[in-house]
Amino acid sequence: MTGPRFSFARLVAVLIKEFIQMKRDRLTFAMMIGIPVMQLLLFGFAINTDPKHLPTAVLAGDNSPFSRAIVSALQTSGYFRITTRTDDPATLERLLAGGVVQFAVEIPSTFAHDLRRGDRPALLVMADATDPAATGNALGALPRIVDDALAPLLEGALAARAPRPGAVEVRIQRRYNPEALSQNNVVPGLVGTILTMTMIIMTSLAVTRERERGTMETLLAMPVRPTEVMLGKLAPFILVGGLQVAVILLAARVLFDVPMIGSPLVLALGLVVFITANLAVGFLFSTLAHNQLQAMQMSFFFFLPSILMSGFMFPFRGMPDWAQVLGEVLPLTHFLRIVRGVMLKGNGLPEVWPDLWPLMAFLLAVSVIAVKRYRQTLD
Amino acid sequence: MSAVPSPVSPVSPVSPSGPAPASLGPAVSVRGLTKRFGPRVVVNGFSLDVARGEIHGFLGPNGSGKTTTLRMLCGLLHPDGGQGTCLGHDIVKDSWAIKRQVGYMTQRFSLYEDLTIRENLEFVARLHALPDRRQRVAQALDRLGLAGRRTQLAGTLSGGWKQRLALAACILHNPKLLLLDEPTAGVDPKARREFWNEIHQLAADGMTVLVSTHYMDEAERCHRIAYMAYGHLLAQGTVDEVVAASGLSTWHVEGAGATLNRLALALEGRPGVAMVAPFGATLHVSGPDGPALDQAVFQYQDQPGLAWRRDHPTLEDAFIHLMARAPDSGQGPQGKGGVS
């Protein structure tokens, strides 16, 4: 039972052939080198699990040295960036619901008065806790920041109050997700992530398959317009996507107990736009790729930034500005805000609109490019 | 092989019921068609006329530009130069109209392997928006003997059945012109014969057929043929005309294998001898100049064991000669495998 001996020469023959083929498939080669480099740079610098400079709205009911000290201490702590000052409590609510700010701080008008009397006034801090990871560190540091800010002012005549920690009651409200359950954040996010992955891969393979199997030639030789092919190929996947959503939302309700506060109709609108946008991306890839392998590679190339830079895995506001700009281009970023907004905050169309129109613009742009790229000839 | 069944005249036997009156002009008329892929000129100043109702053979070596030409005729490729019409429609501007009236059968099977025969035909019928779809599909199934297999997946069919399905799909909308790209490659002789009977039947019903092939017997079943090499049209006409136009003189030599081999080696490259090709027990020796050829072979004609016979060159002799003589434009046939 002795077979032929291991031959180094034959091994070399196979090796040489493999290297030649690797060299020929330029795109795969570029992806093998380019993807790790790009991801290392992109994600290494972009991902930050300790988000700082979170946008904060302040309602200062009094203009005492105390409240000025607190606001300034929030700013200098690095966690908070005061973006809005207002006198209207309704504005705070609106900014929080719209996701414009992460925190809203309300200093009552009797703050200085109560503090001087030692009445332990309340400092109200409302956090958008849909993503507990984004707010956790900042809220943890908050009582300390406030105490440190007030300590110098409570010396002298008011020194008697100073040693007692917590001259102020920092009252934290974790809005939209009071128990800081990460599943409330992750499960709605999964709707978007799963859709991104499956929709893009399935459609990118759909047209590439026609080309690879040669059926494109027959299709092109028959009287059918590119838009007819594109719509005909995408429509079935909208149904598939709808089915996936139904399954995930059912599981969200039954298994994970995730609330659904907002209107399912608004969510459905967002879903249709989002699914179609992903399908258009997939279709565009299929017009660029020469074979199904390349189509898969492109899909992953798009999918990875989508999960890492959209705010799904890591807090969006933790990323540096340039990464946030990149993230704003991704459809998943906007959809995550829509789905979390509707399910957890109960957002309606007006609150959702700022993220809905970018999705629509993305869809339009990608569709136009895809239809232009889809060639009616074999040239 | 010498019994040529085709009528010499391009006026084909169009049946009285045929829907193609001759007044409509040629089915295909192109002038100076040119196509480049990068630096390679694949089709170079190609001109062709195909009369309505005729079966026009399209021959040439691999990579000569036949497929590219057919694709330009049916709007699958944009020509880089030249112009022409297909069924009276401009091949550049009116490709939509052409697609509705032309049936194109690709060289490689290109229907959906994961659909059944019937599903494939229904898909094609729907794309063409045929009003009586069910009836048309049923007719096509019957006509090509596919009815018994209509629920079989196309991917599980053998080569001959796939070819029938492909033909059924491209005649479903009753096109006026059929473009067939090597339809019988890899198909057994019986299926090939049946296929050609079907082609003749379609032509008799008034369809024009332009069919590319490598088989000489198929070329001889065409009314007229065109021979293309290296992107150029080298010869066109009836089989007899093409053979005559080659200007070849040919000797056929019969003898024992070893003797013939020695003779072939001795004759190869002698002045006056253009080609020496063995066909079984016969050696074909040809040259463009009759007297020069006779002079070259004269000294071998007395050799024992050889029977010399002056004969007509075959179509294959003519083609190989045409190809050898063709302007190669610097690229051999083997370098063009990508576009055949």
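## Report on a predicted two-chain model

Ala60(A) stands opposite Ile107(A), a residue of strand S3 of chain A. The model in which this pairing occurs is predicted. The report begins with the surroundings of this strand, continues with the domains of chain A and the contact between the chains, and ends with chain B.

### Strand S3 of chain A

Strand S3 of chain A covers residues 103–107, and 5 of its 5 residues are buried, so the strand is largely enclosed by the rest of the structure. A residue counts as buried here if 20 or more other C-beta atoms lie within 10 Å of its own. The burial of S3(A) extends to both faces: Phe103(A), Val105(A) and Ile107(A) are buried on one side, and Ala104(A) and Glu106(A) are buried on the other.

Two strand pairings involve S3(A). Strand S1 of chain A, residues 54–60, runs parallel to S3(A) and is joined to it by 5 bridges. Strand S4 of chain A, residues 122–128, pairs with S3(A) in the antiparallel sense over 4 bridges. Within the pairing with S4(A), Ala104(A) stands opposite Met126(A).

### Domains and annotated segments of chain A

The domain assignment divides chain A into domain 1, residues 54–175, and domain 2, residues 182–373. The C-alpha centres of these two domains of chain A are 39 Å apart. Between them, 10 residues of domain 1 of chain A are in contact with 13 residues of domain 2 of chain A. Helix H6 of chain A, residues 132–150, supplies 3 residues, the largest share of the side of domain 1 of chain A that touches domain 2 of chain A. By class, that side of domain 1 of chain A has 5 nonpolar, 4 polar and 1 charged residues.

An unreviewed UniProt entry lists residues 27–47, 186–208, 229–252, 264–286, 298–316 and 356–374 of chain A under "transmembrane region". The table gives the model's secondary structure and end-to-end distance for two spans of chain A.

| Span of chain A | Helix | Strand | Distance between end C-alpha atoms |
|---|---|---|---|
| Residues 186–208 | 100% | 0% | 33 Å |
| Residues 298–316 | 63% | 0% | 23 Å |

### Contact between the chains

Chain A contributes 12 residues to its contact with chain B, and chain B contributes 17 residues. The side of chain A that touches chain B has 6 nonpolar, 4 polar and 2 charged residues.

### Overall organisation of chain B

Chain B has 340 residues, of which 45% are buried. Its secondary structure comes to 11 helices and 14 strands. Among contacts in chain B between residues at least 6 apart in sequence, 72% join residues at least 24 apart.

Chain B is divided into domain 1, residues 24–243, and domain 2, residues 249–312. The C-alpha centres of domain 1 of chain B and domain 2 of chain B lie 39 Å apart. For residues 28–255 of chain B, UniProt, in an unreviewed entry, lists "domain: ABC transporter". In the model this span of chain B, residues 28–255, is 34% helix and 30% strand, and its end C-alpha atoms lie 47 Å apart.

### An open sheet in chain B

In chain B, 4 strands form an open sheet with antiparallel pairing, in the order S2-S1-S4-S5. Strand S2 (40–50) and strand S5 (89–90) of chain B each have a single partner strand and stand at the edges, so one side of each is left without a neighbour in the sheet. Helix H1 of chain B, residues 66–73, packs on the sheet and touches strands S1 (28–37), S2 and S4 of chain B. The direction of H1(B) makes about 120 degrees with that of S1(B).

Strand S4 of chain B, residues 81–86, pairs with S5(B) over 2 bridges in the antiparallel sense. Cys86(B) stands opposite His89(B), which belongs to S5(B).

### The setting of Gln236(B)

Gln236(B) lies in strand S10 of chain B, residues 232–237. With 19 other C-beta atoms within 10 Å, Gln236(B) is partly exposed, because the buried class requires 20 or more. Not counting residues up to four places away in sequence, Gln236(B) touches Arg224(B) and Ala226(B). Gln236(B) and Ala258(B) are 22 residues apart in sequence, and their C-alpha atoms are 38 Å apart in space.

Methods. Residues are numbered from 1 along each chain as its sequence is written. Chains are lettered from A and ligands numbered from 1 in the order in which they are written. This is a predicted model: local features need pLDDT of at least 70, side-chain atom pairs count only at pLDDT 80 or more; totals for chains, interfaces and linings use all residues. Two residues are in contact if their C-beta atoms, placed from the backbone, lie within 7 Å. Ala, Val, Leu, Ile, Met, Phe, Trp, Tyr, Cys and Pro count as nonpolar, Asp, Glu, Lys and Arg as charged, and the others, Gly among them, as polar. A residue is buried if 20 or more other C-beta atoms lie within 10 Å of its own, exposed if 12 or fewer, and partly exposed in between; C-beta atoms are placed from the backbone. Two strands pair if DSSP finds at least two bridges between them. Axes are lines fitted to C-alpha atoms, for helices over the stretch in contact, and angles run from 0 to 180 degrees between N-to-C directions. Domain bounds come from an automatic or database domain assignment. UniProt positions are given in the numbering used here, feature names are shortened, and annotations may be inferred rather than shown by experiment.
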